[in-house]
Amino acid sequence: MIFFNKDEQLENLGLGILDATWTAFPTLARNQIALTWVVYDPPVPVNTGGALTPDAFWNHPVRGFTYRGVERIYPASVVKLFYLVAVNEWLEKGMSQTSKELERALRDMIVDSSNDATSLVVDILTGTTSGPELPVGPFETWKYQRNIVNRYYQSLGWEEMETINVCQKTWGDGPYGRERAFVGELLENRNMLTTNAIARLVHSIIGGVAVSSTRSQAMMALLKRDLQNLPADVEEDQVTGFLGGGLPKDAQIWSKAGWTSQVRHDVAYIELPNQRPYLLVVFTEGKAQAKNREILPFVSKLVVEAISSL
């Protein structure tokens, strides 16, 4: 069972938003965008500071709309959310110990989207390291270890997680050595996510039930973006050119973007004054879309307008 209920009102609004987007951006093909949108009607079950038990939270019905939400797409840096939750699970269960370096890496991985920080996080999660190619036997062991995060998400029993792949580091220039061998000749083993899987994970974080309510709140703190004071000296601030770029200044946003020369993605939980809060995941693919800093803010703005009509 998918975690939200399909809803006619949201379906009509969602399809209208997509139509307007295709009209505004004629180069965006029908199969180059995927979207999952979940709306939180009152009484709102999320961002409550952990007020609900996991059972109460998962039994609380929510409604949503999805377009191509089950398509497997390369997630770029959005995968870092899955490593963030997994690390918190490992720490909670005593499978890893916290340290200043791990804390620094988690912050930089989410706040700045650092790939170098992510590399350390993946090493800690899996007990593996990057390096030269390995002989067959040790490489089999290494590969098994690297898939531990996949096994964790499979163990949750969530339908949305059945088709995902989260076992690769994120790169600036690309993988070398054993990492290159692991991703496959044709990149067939690269990370793959769906917008529905991401929505379910973020739904659990904002619901305060990812690992524990305390850990969920700590994760929320890392995901918070400040729309008023954007850093001036960074190439990508994860707001400009993303979903945060289409929001009014008085909105609150918790988000994680991902981008490469081939994709531009964002996932955000958004609160607007006196409106229903919502969760929005938008993935776009293709070289032209990856460069285009207008599409995601455009979609985001239309969702803001749609929310005010509910």
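A residue counts as buried here when its relative accessible area is under 20%. By that cut-off, all of strand S2 (residues 33-39) is covered: seven of its seven residues are buried. The model is predicted.

**The sheet around S2**

Two faces of S2 can be told apart. Ile33, Leu35, Trp37 and Val39 point one way. Ala34, Thr36 and Val38 point the other way. Residues on both faces are buried.

S2 has partners in S7 and S3. With strand S7 (residues 278-285), S2 pairs in the antiparallel sense over seven bridges. Within that pairing, Val38 stands opposite Leu279, and Ile33 has Thr284 as its bridge partner. With strand S3 (residues 63-67), S2 is joined by five bridges, again antiparallel. Here Thr36 stands opposite Thr66.

These strands belong to an open sheet of seven strands. The order is S1-S3-S2-S7-S6-S5-S4, and the pairing is mixed. Strand S1 (5-6) and strand S4 (224-225) stand at the edges, each with a single partner strand, so one side of each has no neighbour in the sheet. Strands of a sheet pair through backbone hydrogen bonds, either parallel or antiparallel.

**Nonpolar cores**

In soluble globular proteins, nonpolar side chains tend to be buried together. In this model, the largest nonpolar core has 56 residues. The members that touch the most others are Leu81, Phe82, Tyr83, Val121, Tyr153, Val166 and Ile198. Helix H3 (residues 80-93) supplies the largest share of this core, nine residues.

What does Tyr83 touch, leaving aside residues up to four places away in sequence? Its contacts are Met109, Thr118, Val121, Val122, Leu125, Val149, Val166, Cys167, Gln168 and Asn191. Val121 and Val166 are thus contacts of Tyr83, and both also rank among the members of the core with the most contacts to other members.

A second, separate core holds 34 residues. Leu28, Val39, Leu296 and Ile307 are among them. Val39 is also one of the buried residues of S2.

**Cavity and pockets**

The count comes to one cavity of 30 Å³ or more. The table sets the largest cavity beside the two largest pockets.

| Space | Volume | Lining by class |
|---|---|---|
| Largest cavity | about 50 Å³ | eight nonpolar, one polar, one charged |
| Largest pocket | about 580 Å³ | eight nonpolar, eleven polar, seven charged |
| Second largest pocket | about 320 Å³ | six nonpolar, two polar, seven charged |

The largest cavity is lined by Leu81, Val202, Ile206, Met220, Leu223, Trp254, Ser255, Lys256, Val267 and Tyr269. Which elements supply at least two residues each to this lining? They are helix H9 (195-206), helix H10 (213-223), strand S5 (252-259) and strand S6 (263-271). S5 gives the most, with three residues. Leu81 lines the cavity and is also among the members of the largest core that touch the most others. S5 and S6 stand next to each other in the sheet order.

The largest pocket is lined by 26 residues. Tyr74, Ala76, Trp171, Gly172 and Thr260 lie nearest its centre. The second largest pocket has 15 lining residues. Closest to its centre are Val111, Asp112, Val234, Glu236 and Asp237.

Definitions and conventions:
Residues numbered from 1 in each chain as written. Predicted model: local features only at pLDDT ≥ 70, side-chain atom pairs only at ≥ 80, totals over all residues. Heavy atoms only, no water. 1 Å grid on protein atoms, 1.4 Å probe; cavity = no way out; pocket = protein on both sides within 12 Å on 5 of 7 lines; lining within 4 Å. Points joined across faces, edges and corners; volume = space filled by probe spheres on them. Helix = DSSP H or I, 4+ residues; strand = E, 2+ residues; numbered from the N terminus. Nonpolar A, V, L, I, M, F, W, Y, C, P; charged D, E, K, R; others polar. Core = buried A, V, L, I, M, F, W, Y, C linked by side-chain atoms within 4.5 Å. Buried < 20%, exposed > 50% of the residue type's maximum accessible area, 1.4 Å probe, protein only. Contact = heavy atoms within 4.5 Å. Pairing = 2+ DSSP bridges.
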